[in-house]
Structures are given as structure tokens and as C-alpha cells.
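Here are my notes on this entry, set out as numbered points for you to follow with the coordinates open. They start with the core and then turn to the domains, the ligand and a few single residues.

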Amino acid sequence: MALHTKSLADAADTSGARNTTPLLEAQGLTLRHSDATGISDISLSLYRGDIVGLLGLNGAGKSTTLRILCGVLVPDQGSVVINGQSMSDNPLQARAQVGFLPDQPPLYDDMRVCEYLTLTGRIRGLKGKRLKTRQLQLIEQCALGDVQRKIIGTLSKGFRQRVGLAQALIHEPAVVLLDEPANGLDPQQMDGMRKLISDIGQQQAILFSTHLLSEATAICNRVAIIHEGKLVADRPANGDDLQQIFQGAIS
Ligand SMILES: Nc1ncnc2c1ncn2[C@@H]1O[C@H](COP(=O)(O)OP(=O)(O)OP(=O)(O)O)[C@@H](O)[C@H]1O
């Protein structure tokens with residue numbers, strides 16, 4: 001796994017990606033919930049080929065950050081630009097370039113998997129041959145072939161996550177945001193999810209949240225540590241000091 005992690009980091013670093021415009025640029029994001037919790041002054045950039053783990057404990061602010069980045073929440077302060085489109089000035093154009101898998105996948109339990117992918121594709125503006133092609137690609141990529149005719153409500157947690165991921169990817173977004181995609185999966189399903197994230201991260205930029213440092217270092221080229229609403233580190237995932245930094249931040 002260490003070798004795999006290194007190859008991902010190298011792929012991102014040797015592609016010249018750092019010389020290009022970020023696919024996602026967040027500056028000074030601040031949001032206070034009614035009870036004064038939330039996030040404060042979070043800045044983050046993602047480039048093509050980045051797979052970044054947003055690592056933090058329960059309540060650290062991971063979901064709040066991801067929801068702001070995908071345009072579901074509006075921050076009190078700060079800005080988000082997705083592939084050159086400002087989330088505040090051009091929200092439709094910016095949101096069209098983001099795929100989001102929330103912590104609870106937004107599924108319709110009484111639909112079949114293939115019907116759901118048709119629906120979510122249409123919502124994202126796909127139709128005709130393009131829609132059919134993307135459905136077929138995602139059924140293969142997310143290994144949904146055996147369940148494509150099944151009712152979503154009958155699927156296991158792992159397959160529900162895969163369907164949720166497929167809806168996040170259907171419009172080929174520049175930026176993919178995943179809120180604890182491996183949560184509740186068994187080790188085999190977790191391996192499958194990691195492989196999927198590694199595959200899609202080659203062409204896009206991915207930010208996913210996790211509680212686990214091991215999860216982040218397994219597939220990411222960078223790890224951003226969030227604690228009590230603040231970003232306390234943003235480092236290469238293969239840095240020897242990550243464990244120490246994470247322990248220091250949360251103790
Ligand atoms: N809608 C809301 N209203 C009030 N407080 C909220 C709301 N959403 C989140 N919070 C609070 O903001 C803080 C950050 O929550 P958030 O869900 O972003 O954390 P998280 O890192 O995703 O946590 P977890 O790992 O448990 O999902 C927490 O203290 C949470 O209770």
C-alpha cells in the first residue's frame with residue numbers, strides 16, 4: 001500500500017499540476033452555526049490528480065466544510081472557486097462542476113439502480129446517448145452490474161455507497177467531494193471503495209473526509225487535518241510526521 005500511495009503522490013507531483021490553475025480554491029471559509037460551532041478561516045486548494053484526505057475527529061467541521069465547497073451551505077465569510085467559476089457569483093456553473101457524496105447517500109429506496117442513475121443524470125443535464133454512455137461507464141466503474149436492476153432499498157451498505165458515488169460522478173465533475181465514503185463498510189468493501197477513489201482521482205480532484213489517518217494515508221497524496229473548525233495541517237500523505245501532527249492537534 002505504501003508503494004501505491006507513493007505512486008499517486010508522484011503522479012500528482014510530476015504532472016506539472018502545481019503549475020496550473022487549481023480545480024478547487026477555497027479562501028478563508030468561516031461559518032458559525034447557531035451554537036457558535038462551525039469552521040473558521042479554512043483555505044484549501046485542489047489540483048487535477050489530487051486525492052486529499054480531510055482528516056478530523058467527530059465534530060471537527062469536515063461535513064460543514066464539504067457542504068460549503070459543494071454549494072449546499074453559504075459561508076459567513078470566504079470564497080470558493082471551482083474550475084474558474086465562483087460559487088457566489090456563478091453558483092450554477094460552479095455547482096455543475098462538483099460531484100458530492102454526502103454522509104447519507106441521497107438515494108431513492110423504491111427506485112431501481114438503473115432508474116436512479118437515469119434520474120440523476122437527467123438532473124445533471126445529460127440525455128440521449130451521452131446519458132446512456134455515462135450510465136454504462138459508471139455501472140462498470142462502480143461494479144454495479146449485478147445490482148443494476150435491483151431496488152435500491154434492498155441493497156447492502158457497500159452497494160448503496162457505490163450507487164451514491166455513481167450519482168456524484170455521473171456528470172464527470174472536475175471536483176469530487178466525498179463525506180466519509182468508507183464509513184460502515186466491511187474491509188473488502190473498503191478496499192473496493194479505495195480502489196475506486198484511486199481510479200477516479202487520476203483525472204479529477206478528490207477531497208474526502210475521514211476520521212482515520214490510516215484511511216487517508218492509504219490512498220491520498222495529501223492530508224489536510226481539521227480540528228475544532230480550523231485547518232491545522234496540509235501535508236503530503238507520505239510525510240513521516242503526520243501521526244505526530246495529528247496526535248498533537250487532537251490532544
Ligand atoms: N446545522 C447545524 N446547526 C448547528 N450546529 C451544527 C450544524 N451542523 C453541524 N453543526 C455543528 O458544527 C460542528 C461541526 O460539525 P460537522 O458535522 O461539520 O463535523 P464533522 O467533522 O463532519 O463531524 P462527524 O465526523 O461527526 O460527522 C459540530 O459541533 C456540529 O455539532
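1. A nonpolar core is here a set of buried Ala, Val, Leu, Ile, Met, Phe, Trp, Tyr and Cys residues joined through C-beta atoms within 7 Å. With that in hand, and bearing in mind that this is a predicted model, the largest nonpolar core comprises 69 residues, and those with the most contacts inside it are Leu46, Ile82, Ala166, Val175, Leu177, Ile206 and Ala224. Helix H6 (residues 157-169) supplies the largest share of this core, five residues. The core draws at least three residues from each of domain 1 (2-97 + 174-250) and domain 2 (110-172).

2. The division into domains deserves a careful look, since the protein chain is split into domain 1, written as 2-97 + 174-250, and domain 2, written as 110-172. Their C-alpha centres lie 24 Å apart, and the contact takes twelve residues from domain 1 and ten residues from domain 2. On the side of domain 1 that touches domain 2, helix H7 (residues 187-200) gives the most, with six residues, and by class that side has seven nonpolar, three polar and two charged residues.

3. The record adds an annotation that should be read with its status in mind: in an unreviewed entry, UniProt lists residues 24-245 for "domain: ABC transporter". In the model, the end C-alpha atoms of residues 24-245 lie 25 Å apart, and the span is 34% helix and 26% strand.

4. Which residues are closest to the ligand? They are His33, Asn58, Lys62, Ser63 and Thr64, and 13 residues surround the ligand in total. Helix H2 (residues 62-69) gives the most to this shell, with three residues, while by class the shell divides into one nonpolar, ten polar and two charged residues.

5. Two of the core residues with the most contacts, Ile82 and Val175, can be examined together. Leaving aside neighbours within four places in sequence, Ile82 is in contact with Leu23, Leu24, Met87, Ala94, Gln97, Val98, Ala174 and Val175. Val175, placed in strand S7 (residues 175-178), touches Leu23, Leu24, Leu46, Ile82, Gln97, Val98, Gln204 and Ala205 when residues up to four places away in sequence are not counted. One of these partners, Gln204, is 29 residues from Val175 in sequence, yet their C-alpha atoms are 5.9 Å apart in space. Val175 counts as buried because it has 24 C-beta neighbours inside 10 Å, where the cut-off for a buried residue is 20 or more.

6. Ile200 lies in helix H7, and its surroundings can be followed in the same careful way. Why does Ile200 count as buried? Ile200 is buried because 21 other C-beta atoms lie within 10 Å. Leaving aside neighbours within four places in sequence, Ile200 is in contact with Leu169, Val176 and Ile206. Ile200 and Gly49 are 151 residues apart in sequence, but from C-alpha to C-alpha they are 8.8 Å apart in space.

7. Two loop residues merit a check of their backbone angles. Asn83, found in the loop between strand S4 (77-82) and strand S5 (85-86), has a positive phi of about 50 degrees although it is not a glycine, and Ala143, in the loop between helix H5 (128-141) and H6, likewise has a positive phi of about 50 degrees without being a glycine. Asn83 is partly exposed, with 19 other C-beta atoms within 10 Å; Ala143 is also partly exposed, with 16 other C-beta atoms within 10 Å.

8. Finally, two further positions: Tyr47 and Pro91. Is Tyr47, in the loop between strand S2 (38-46) and strand S3 (51-55), buried or exposed? Tyr47 is buried, with 22 other C-beta atoms within 10 Å, and its C-alpha atom is separated by 25 Å from that of Asn183, 136 residues apart along the chain. Pro91, found in helix H3 (residues 91-95), counts as partly exposed, with 15 C-beta neighbours inside 10 Å. Pro91 and Cys70 are 21 residues apart in sequence and 9.6 Å apart in space, C-alpha to C-alpha.

Notes:
Residues numbered from 1 in each chain as written. Predicted model: local features only at pLDDT ≥ 70, side-chain atom pairs only at ≥ 80, totals over all residues. Near = placed C-beta within 6 Å. Helix = DSSP H or I, 4+ residues; strand = E, 2+ residues; numbered from the N terminus. Nonpolar A, V, L, I, M, F, W, Y, C, P; charged D, E, K, R; others polar. Domains from an automatic or database assignment. Contact = placed C-beta atoms within 7 Å. Buried ≥ 20, exposed ≤ 12 C-beta atoms within 10 Å, placed from the backbone. UniProt positions renumbered as here; feature names shortened; annotations may be inferred.
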